[in-house]
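I open this notebook to record what I looked up in the structure. The entries follow the order in which I turned to each topic.

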Amino acid sequence: MTRDPAHLEIVTLQSHALQQHACFSDNGTLAWILSALSISSKIIANKVRRAQLDDVLGAAGAENVQGEQQQKLDVIANDVLLRTLGEREGVAIVASEENEEPVIIRNQAQGERKYCVLFDPLDGSSNLDVCGGVGTIFSILLQDRRSGKPEDSLLQPGVRQVAAGYVLYGPSTVMALTLGQGVDLFLLDPAIGAFVRVAEKVRIPKANKSYSLNEGNRLTFPVGYQKYLDWAQANNYSSRYAGAMVADVHRTLLKGGVFMYPPTAKAPNGKLRLMYEANPMAMLIEQAGGKALASPTQRIMEVVPTDIHQRTVVILGSGDEVDHVVKHLQ
Ligand code: AHG
Ligand code: MN
Ligand code: MN
């Protein structure tokens, strides 16, 4: 991570996106989409911070497509993202954890470059009631015009993502973003209402004796994961688990270690969603020099999706720590 105090250039997310847009030869379309994600994050950060004052904590009373209880803020965050992205010309299709079907914004005229945006509007929402960290995760793909149905153009493997990121609403609001050339971090300065770049080309530590998973499920993990945990505990590893993927992955990115959601009796294919949780996190972690696997022999980003809401096993983090897990699974 580099931030040379003698060279304190102030770069906002907006200027960063405009600087980079030359790489995409899309007349700034991606920069426009990032600006929609930026304004959404500022609105959501504000709503999350005021949640109890505005009486928007707790369940909305409905279940989402995953059969999970929607929190009021899941619905609010989803609406904010749909409203900001819906205005952007360059967005062809939007898909969200909270909507069963992709929300098709518009079909493009031939020859136009358009993007698909997939997101988890509020990740870790059950942490809201206890003022724990929550986040937004997003993945951006170019629309694949080879497919007949617009919806099908979403079903691309993660290696085709052109950008991915998350926003963590914690003590600070921080965005991690990759446009395929490393990972940069931006901190929201509430006084000026802008995300300011605070780190460029972040590298995940190569190793750190720390694992992050829901150990309450240990008895129903496949035996390899149980052996890994025995090994890690015998080797003085620390256990860290916030229960919100964005918070757990952010810590893993900065401090190293391994984050996992293995198969369990309740979720035999893993719990986390491939397209708007695992893929964007995998792109960020790989761009920072780490590893992100769906199995000992497959990268998350190589999984070919058949459903926008499909789940995957996740093993990601420092290269050496992912290798230790894989050794025990074989
Ligand atoms: P969401 O709130 O978007 O449904 O995601 C919750 C996810 C993820 O954030 C976290 O890593 C995982 O669920 C935690 O699951 P367990 O409670 O089963 O550990
Ligand atoms: Mn989530
Ligand atoms: Mn969510």
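**Loop residues with positive phi**

I began with Cys131, which is placed in the loop between E5 and strand E6 (134-142). I note that the model is a predicted one. The phi of Cys131 is near 60 degrees, a positive value in a residue other than glycine. I then checked its cover: Cys131 has a relative accessible area of 74%, and since exposed means over 50%, Cys131 is exposed.

I looked up Lys201 next and found it in the loop between strand E10 (194-199) and strand E11 (210-212). Lys201 is not a glycine, yet its phi is positive, at about 50 degrees. Its relative accessibility is 47%, and Lys201 therefore counts as partly exposed.

**Manganese site**

Which residues supply the protein donors of the manganese ion (ligand 3)? I listed Glu97 (OE), Asp120 (OD) and Leu122 (O), which lie 2.1 to 2.2 Å from the ion. Along the chain, the donors of this manganese ion (ligand 3) follow the spacing E-x22-D-x1-L. I placed two of them in the fold: Glu97 lies in the loop between strand E3 (91-96) and strand E4 (103-104), and Leu122 lies in strand E5 (residues 115-123), so the pair ties together parts that are 25 residues apart in sequence. I also looked up their cover, and both Glu97 and Leu122 are buried.

Asp120 called for a further entry. Asp120 bridges the manganese ion (ligand 3) and the manganese ion (ligand 2), and these two ions lie 3.7 Å apart.

**Ligand 1**

Asp120 appears again in the surroundings of ligand 1: an N or O atom in the side chain of Asp120 is 3.0 Å from an oxygen atom of the ligand. I recorded two further contacts. A polar side-chain atom of Asn214 lies 2.8 Å from an oxygen atom of ligand 1. From Met245, a backbone N or O atom lies 2.8 Å from an oxygen atom of ligand 1. Taken alone, ligand 1 exposes 470 Å², of which the protein buries 84%.

I then asked which residues come nearest to ligand 1. Of the 17 residues around it, these are Asp123, Gly124, Tyr241, Met245 and Tyr261. The space that ligand 1 takes is the largest pocket. Two elements, E5 and strand E14 (272-273), give two or more residues to the shell around ligand 1. The largest share of that shell comes from E5, with three residues.

**Helix H5**

Is helix H5 (residues 245-255) mostly covered or mostly open? I found it mostly covered, as eight of its eleven residues are buried. The buried residues of H5 are Met245, Val246, Ala247, Asp248, Val249, His250, Thr252 and Leu253. Met245 thus appears in two of my entries, as a buried residue of H5 and among the residues nearest to ligand 1. Just after H5, Gly256 takes a positive phi of about 90 degrees.

**His309**

My last entry concerns His309, in the loop between strand E16 (298-299) and strand E17 (311-312). The relative accessible area of His309 is 11%; buried means under 20%, so His309 is buried. I looked up what its side chain meets: the side chain of His309 reaches the backbone oxygen of Glu100 at 3.0 Å.

How values were computed. Residues numbered from 1 in each chain as written. Chains lettered and ligands numbered in written order. Predicted model: local features only at pLDDT ≥ 70, side-chain atom pairs only at ≥ 80, totals over all residues. Heavy atoms only, no water. Donors = N, O, S within 2.8 Å, 3.2 Å for Na, K, Ca; no water. Helix = DSSP H or I, 4+ residues; strand = E, 2+ residues; numbered from the N terminus. Buried < 20%, exposed > 50% of the residue type's maximum accessible area, 1.4 Å probe, protein only. Near = heavy atom within 4 Å. Polar contact = N/O pair within 3.5 Å; in protein donor to acceptor, adjacent residues only side chain to side chain. Areas by Shrake-Rupley, 256 points an atom, 1.4 Å probe, with all protein chains shown as cover. 1 Å grid on protein atoms, 1.4 Å probe; cavity = no way out; pocket = protein on both sides within 12 Å on 5 of 7 lines; lining within 4 Å. Sits in = over half its atoms within 2 Å of the grid points.
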